[in-house]
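Good morning. I have one structure to go through, and I will take it region by region. Here it is on the screen.

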Amino acid sequence: MNINKLIVAFIFSFSLFANAQSSQYKSEKDKINDLVHTKLDVKFDIPNSLLFGEAWLTLTPHFSPTSKVTLDAKGMLIHEVTINGMKVPYNYFENKELIIDLDKTYKKEEEYTIYIKYTSQPEKVVKMGVTNQKGLYFIDPRDEDSEKPTQIWTEGETESNSTWFPTIDAPNQKTTEEISMTVPKEFVTLANGTLINQKENTDGTRTDTWIQEQKHAPYLFFMAAGEFSIVKDIWKGKPVEYFVEKEYEDVARDIFGKTPKMLQFFEDLLGVEYPWDKYSQIVVRDYISGAMENTTAVSHSASAYQDKGELIDENSWEYVVAHEVFHHWFGDLVTAESWSNLTMNEAFANYGEYLWYEHEYGKDFADDYLLDSNKKYFRGDKNEKKHLIRFKYDSPDEMFDAVSYEKGGAVLHMLRNYLGDGAFFAGLKKYLVDNKFGTGEAHQLRLALESVSGKDLNWFFNQWFFGKGHPKIKVIQQLGAFEQKVTIDIVQDENVFEFPLIIDVYEENGKASHKVWVDGQHRSFEFPLSSKLKAVVVEPTGTLLAEITHEKTLEEWIYQYKSAKNYTSRRSALEYIATHQDDAKAFKAMTKALNDNSFKLRIFALENLDLKNKYSKGNAIQQVENLAKNDKKTLVQAAANVTLAKLVDPKYVNHFVKAMDSESYKVIESAIIALYQLDRQNTLQKVDALPDNVKDNMSEVLTGYYLENRDAKYMTYISKYLIRNLFFSRDAKKANTYKSAFQWIAESDNKEAISNLVKSLVKGGVQYKKYGGDVAASNFLRQMVDLQRKTTNANKKELELIIRTGMAKLLE
């Protein structure tokens, strides 16, 4: 599942997603009975958000003979339970567990099949207090929203699929699957596996039957129905499909079209054949996460949708596509045996993003991505207090964080670099082959890697998988007498780690790269010098997940940027140089970075270049002008335009006006930013002439500009994006502006703007309910009612009804 790369939760409610750990040990679920096969026949009462289901579950005792089976069945109405056509006694415990007395005592490998007739009621299940997620979602079931299609879809992770079919809802269970779905005939369906039959019914419905012949975990079961266009590719004779709404049919391949190439790359890299019969992806409305690796039927949120103008700049969803593809080996083929071991799914999927970027775009691009990923882990105040493998938590949802994902991916990157590519990927192959269609935990990965590499890895796994935190290192650099040697002291804080380390020593005569081993709180390393020392770079590759402080002179940082090959070394040098541009040499180094081979560093240089300092000359400005007009990357062109805008020079007006005709949304946005500095009113008039989809992709910038002007004609536009900007802005001044705008709209008589605010709050409250979003949204809706009551608006009763209707939807 991909969650943390998107919107994780409302900032105002994020503290509710606390990671305080419970004292209760969370073990792998005991296996008393094993699922063998699951057959489902489901029909829907769409307007009332109900599912009428029949389930045939085939099971067998795991080891000991048993005369009972306990199934997870959350919030259902149970109508009938039989074995071999005979009714059997059962106890429906707390609307959560269906405890069934079998017709006899069954022994290991002796199979039995239970038939259950039931009704799933997802709109009631959360209110009943048996789970915090519906599992089954009906989107606009009564066709009340003209902007939203009616859809049905499911989301099973962690243990929510048992709201719509009885099962043993645990990741250490594996079962084959057959599902028949009866839907309106205009709907298309998607589920795991292969569509084997479609039957037209006389009542205007159609029954589609899907079969998944390979075993997978119950939380990976998936079904969806709605009106979708299906864009089809093929890879190695297997269907690769993209289910999208009609208006996105033309860009489906631009968003998802690298999927076949990803499948081939990961298959070749791992040496393990893609084990499933197809690979489908579907984009659904009001999705509760980013994406989910349902076996062969990946679901994506509507954030995946992008216009041509966005895709020209970059496919912002490509990493998600790669993440979910890699899950089909790590997570689907071999599944974490328990939620404590979640990182055995998510660390690999996270690292799959890096591996794909490294393969497709080069190491600089991938290292930039890794650097940002590591920063997400470092930013979390409590992350360093949590173990990667955690056996104590209050809810499995707590495991979905920057530790399981970003830190986990960084740990795999370190492991790969320690073992080398050959041993690392051969070890992954052994882990997958030994545990295919089963489960895995960290020890199994360690044993597979040890078997292949011949190295003991307990030290690594103990500190990185079963320990917490990361190294915090202070580097002390001293020149020896007569500058014939340099001494490097590595000092860690009280949480001491053991790790290999590279120290690059640059002299006038060249570079020497030293590999050392750090195994204590304070280690000292001495290196001889044959010429003048120019710079020392500790951990030049950015492989070690650590916070490193190393005081250097500006000259050393400049030399590091000019001489280092690794992206991380160049980036860290530029970050320091950018803050010292009052020095002529530093400014010169920044202008040199405008031509860096990495477009990411070109953008960094543009964003930080100080063209107003005393050393700024025409040559530097000419370089920026050239990038604005000619760089092959539209993102660089856009950054160059914003840099030129800081000069507030009318001579660039024609260039900026021309840039507004670009196909690139980022270039258009940068032109608006530039022109706005020169002529606000004319710029806003030009913006008014842009198509709505273009303006919608510039909401953060335009919302800010419209709020500066506070013109009522822009209120409707502002209202669509205000909530998102209000809660995700890290700028305190902007946040206050958004709060003021909230009151401005809430007190207005603008029906459309009020409706937009209510929709945004309800959507966010529902989508992020498990993080406390519903409570926060309710508070804001109540504020809207109070503010509206105090107005003299002629239509305030109608507006109050809109707000109260939203509150009711939030409580459903």
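I start with the helices α6 (343-361) and α7 (363-379), each of which supplies at least two residues of the lining of the largest cavity. Helices here are DSSP runs of H or I with at least four residues, strands are runs of E with at least two, and both are numbered from the N terminus. A word on the source: this is a predicted model, where local features need pLDDT of at least 70, side-chain atom pairs count only at pLDDT 80 or more, and totals for chains, interfaces and linings use all residues. Residues are numbered from 1 along each chain as its sequence is written, and side-chain values use heavy atoms, with hydrogens and water left out.

Back to the cavity. By cavity I mean a set of points, on a 1 Å grid over the protein atoms alone, where a 1.4 Å probe fits but cannot get out; lining residues have an atom within 4 Å of a point. Points are joined across faces, edges and corners, and the volume is the space filled by probe spheres set on them. The structure holds one cavity of 30 Å³ or more, and the space in the largest cavity is about 30 Å³. Its lining is made of Asn350, Glu353, Tyr354, Tyr369, Leu370 and Ser373. By class, that is three nonpolar, two polar and one charged residues. The classes are: Ala, Val, Leu, Ile, Met, Phe, Trp, Tyr, Cys and Pro nonpolar; Asp, Glu, Lys and Arg charged; the others, Gly among them, polar.

Next, a sheet. Four strands form an open sheet in the order β9-β10-β15-β12, with antiparallel pairing. Two strands pair if DSSP finds at least two bridges between them. At the edges stand β9 and β12 (188-191), each with a single partner strand, so one side of each has no neighbour in the sheet. Neighbouring strands are turned by 10 degrees against each other on average, direction ignored. For that angle, axes are lines fitted to C-alpha atoms, for helices over the stretch in contact, and angles run from 0 to 180 degrees between N-to-C directions.

At one edge, β9 (residues 136-139) pairs with β10 (residues 151-154) over four antiparallel bridges, and leucine 136 stands opposite threonine 154. At the other edge, β12 is joined to β15 (residues 223-226) by four bridges, also antiparallel, and alanine 191 has methionine 223 as its bridge partner.

Which residues cover the two faces of β9? Side chains alternate between the two faces of the sheet in a regular strand. In β9, Leu136 and Phe138 lie on one side and Tyr137 and Ile139 on the other, and all are buried. Buried means under 20% relative accessible area, exposed over 50%, and partly exposed in between, with a 1.4 Å probe and protein chains only.

Phe138 comes up again with serine 49, which sits in the loop between β1 (33-45) and β2 (50-61). Serine 49 touches Ser120, Gln121, Pro122, Glu123, Phe138 and Pro141, not counting residues up to four places away in sequence. A contact is a pair of heavy atoms within 4.5 Å. Serine 49 counts as buried because its relative accessibility is 6%.

Now some backbone geometry. Most residues other than glycine have a negative phi, and most peptide bonds are trans. Serine 49 has a positive phi of about 55 degrees. Glutamate 109 also has a positive phi, near 70 degrees; this residue is in the loop between β7 (97-106) and β8 (112-120). Glutamate 109 is exposed, at 67% relative accessible area. The peptide bond from glutamate 157 to threonine 158 is cis, with omega near 10 degrees, and threonine 158 lies in the loop between β10 and β11 (175-184).

A second open sheet has four strands in the order β27-β24-β23-β29, with mixed pairing. Its edge strands are β27 (522-528) and β29 (547-550). Lysine 474, in β23 (residues 472-479), is partly exposed at 48%. Outside its neighbours within four places in sequence, lysine 474 contacts Asp489, Ile490, Val491 and Thr549.

Last, helix α26 (residues 773-789) holds leucine 787, which is buried at 15% relative accessibility. Leucine 787 and alanine 746 are 41 residues apart in sequence and 6.5 Å apart, C-alpha to C-alpha.

Conventions
On a 1 Å grid over the protein atoms alone, a cavity is a set of points where a 1.4 Å probe fits but cannot get out, and a pocket is an open set with protein on both sides within 12 Å along at least five of seven lines; lining residues have an atom within 4 Å of a point.
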